Amino acid sequence: MNNDSLSRAVQKYTAVIVTGGSSGIGSGLIAAIAKLNPSAKICNISRSEPKNNFPDGVLTHIPGDLSQPSQVADVGGKVIDWLKLNGGAGQVLLVNNSGVGAYGFAQDIPTDQQLTVIDLNVRAVVHLTQILLPQLLERGGTVMTIASTATFQPTPVLSVYGATKSFVFNWSLALGNDLKDTKVNTIVICPGPTDTGFFEAAGFSGKPPGVVETEQVIDVCLNAIAKGKKHDICGTANKLMCFFSQHLPRNFLTKEAGKLMRKIRHPDNVK
Ligand SMILES: NC(=O)c1ccc[n+]([C@@H]2O[C@H](COP(=O)([O-])OP(=O)(O)OC[C@H]3O[C@@H](n4cnc5c(N)ncnc54)[C@H](OP(=O)(O)O)[C@@H]3O)[C@@H](O)[C@H]2O)c1
């Protein structure tokens with residue numbers, strides 16, 4: 001799809017709220033939307049501030065640790081104030097993008113760290129969306145959630161992460177159905193391995209082979225908006241893999257996924 005069509009598709013949003021826009025996919029998405037719709041007002045929520053260079057007033061940063069439920073409530077209130085003051089009268093695009101993983105055998109990862117993954121990837125997504133839903137319902141808009149190809153199979157040595165992505169994938173589809181008679185739609189995007197800070201933050205010692213640039217994921221996100229999709233998987237190979245993952249026997253799939261996941265970190269030590 002060309003830039004004119006993408007630009008037309010995002011013109012309806014006068015306010016864009018992105019979690020985790022300080023790096024990676026979120027940062028790229030903010031830059032792409034600002035380029036396609038220079039009059040949109042954008043709000044980022046993350047612990048650190050995005051480094052994008054925009055004219056004054058385009059990007060507002062609301063700092064917050066979304067793995068802390070009390071901070072989600074606090075940040076949500078601030079976003080509503082920001083929306084009323086700066087968000088224009090058009091539709092709202094909420095992108096639930098912040099996310100982390102914790103790599104390792106479950107028995108070796110501190111429980112608190114595993115619960116943080118759930119709090120950020122699941123609890124905060126549902127909580128923030130619920131806080132902002134009245135505004136979205138009044139003005140119309142889109143709730144886009146960044147899941148993962150990890151959605152479609154168990155992910156040994158990244159067990160909690162994969163399960164959180166299955167949750168948000170199904171949650172987004174069901175929420176979209178609940179909202180079908182309103183002015184709000186939902187989209188869930190499943191990137192495969194992408195070249196961002198994700199792997200380092202999750203405790204991988206390197207990046208898996210075949211990581212793609214964030215631009216490819218951002219294209220899929222924007223195309224999904226333009227084409228009115230409810231969900232999409234980034235890349236043909238990932239689409240095929242996810243298709244087969246859903247049809248293979250679960251025990252076989254889990255074993256093979258485990259071998260693959262361990263390889264990513266320990267190329268010489270595949271158990
Ligand atoms: N990269 C991949 O291969 C891949 C594949 C599939 C799906 N995804 C998903 O894509 C999304 C974006 O990740 P990415 O790849 O762009 O990784 P990234 O570069 O590490 O970005 C993660 C973002 O999440 C924010 N974040 C982390 N902890 C947070 C917290 N406690 N509170 C608020 N924000 C927090 C970070 O901001 P601060 O550190 O400033 O708080 C950062 O902006 C995630 O949901 C991830 O699961 C990534």
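1. In this predicted model, 27 residues stand around the ligand, and those that come nearest are Gly20, Gly24, Arg47, Gly99 and Thr196. Two helices, α2 (24-36) and α6 (198-202), are the elements that give two or more residues to this shell, and α2 gives the most, with three residues. Sorted by class, the shell around the ligand holds nine nonpolar, 16 polar and two charged residues.

2. The sheet is a good place to continue. Seven strands make up an open sheet, and reading across it gives the order β3-β2-β1-β4-β5-β6-β7, with parallel pairing. Strands β3 (59-63) and β7 (231-233) are found at the edges, where each has a single partner strand, so one side of each lacks a neighbour in the sheet. From one strand to the next, the twist averages 15°.

3. One pair of strands can be followed in more detail. Strand β4, which covers residues 91-96, pairs with strand β5, residues 141-146, in the parallel sense, and the pairing runs over five bridges. If you look for leucine 94 in the structure, you should find it opposite valine 143 of β5.

4. Helix α7 deserves a separate point. This helix lies across β5, β6 (184-190) and β7, and its direction is at about 150° to that of β6.

5. What is the angle at which helix α1 and helix α7 pack? Helix α1 (residues 3-11) and helix α7 (residues 214-227) pack at about 70°, and their axes are 9 Å apart. Because angles from 65 to 115 degrees count as roughly perpendicular, α1 is described as roughly perpendicular to α7. The crossing of these two helices is left-handed. On the α1 side the contact is made by Ser5, Leu6, Ala9 and Val10, and on the α7 side by Leu222, Ile225 and Ala226. By class, this contact of α1 with α7 has six nonpolar residues, one polar residue and no charged ones.

6. Helix α2, already met beside the ligand, also packs on α7: the axes of α2 and α7 come within 9 Å and cross at roughly 60°. The two helices are therefore oblique to each other, and α2 passes α7 in a right-handed crossing. In α2, the residues Gly24, Ile25, Gly28, Leu29 and Ala32 take part, and they meet Thr214, Glu215, Val217, Ile218, Cys221 and Leu222 in α7. The residues of this contact divide into seven nonpolar, three polar and one charged. Two residues link this point to earlier ones, since Gly24 is also among the residues that come nearest to the ligand, while Leu222 also belongs to the contact between α1 and α7.

7. The last pair to examine is helix α4 (residues 111-139) with helix α5 (residues 159-178), whose axes come within 9 Å and cross at roughly 10°. Angles under 35 degrees count as roughly parallel, and α4 and α5 are therefore roughly parallel to each other. Which residues of α4 meet α5? They are Gln114, Val117, Ile118, Asn121, Val122, Val125 and Val126, and their partners in α5 are Val160, Tyr161, Thr164, Phe167, Val168 and Trp171. The residues of the contact of α4 with α5 divide into ten nonpolar and three polar, with no charged residues.

Note on methods. Residues numbered from 1 in each chain as written. Predicted model: local features only at pLDDT ≥ 70, side-chain atom pairs only at ≥ 80, totals over all residues. Axes fitted to C-alpha atoms, helices over the stretch in contact; angles between N-to-C directions. Helix = DSSP H or I, 4+ residues; strand = E, 2+ residues; numbered from the N terminus. Parallel < 35°, antiparallel > 145°, perpendicular 65-115°, else oblique. Left-handed = near helix turned anticlockwise from the far one by under 90°. Contact = placed C-beta atoms within 7 Å. Nonpolar A, V, L, I, M, F, W, Y, C, P; charged D, E, K, R; others polar. Pairing = 2+ DSSP bridges. Near = placed C-beta within 6 Å.
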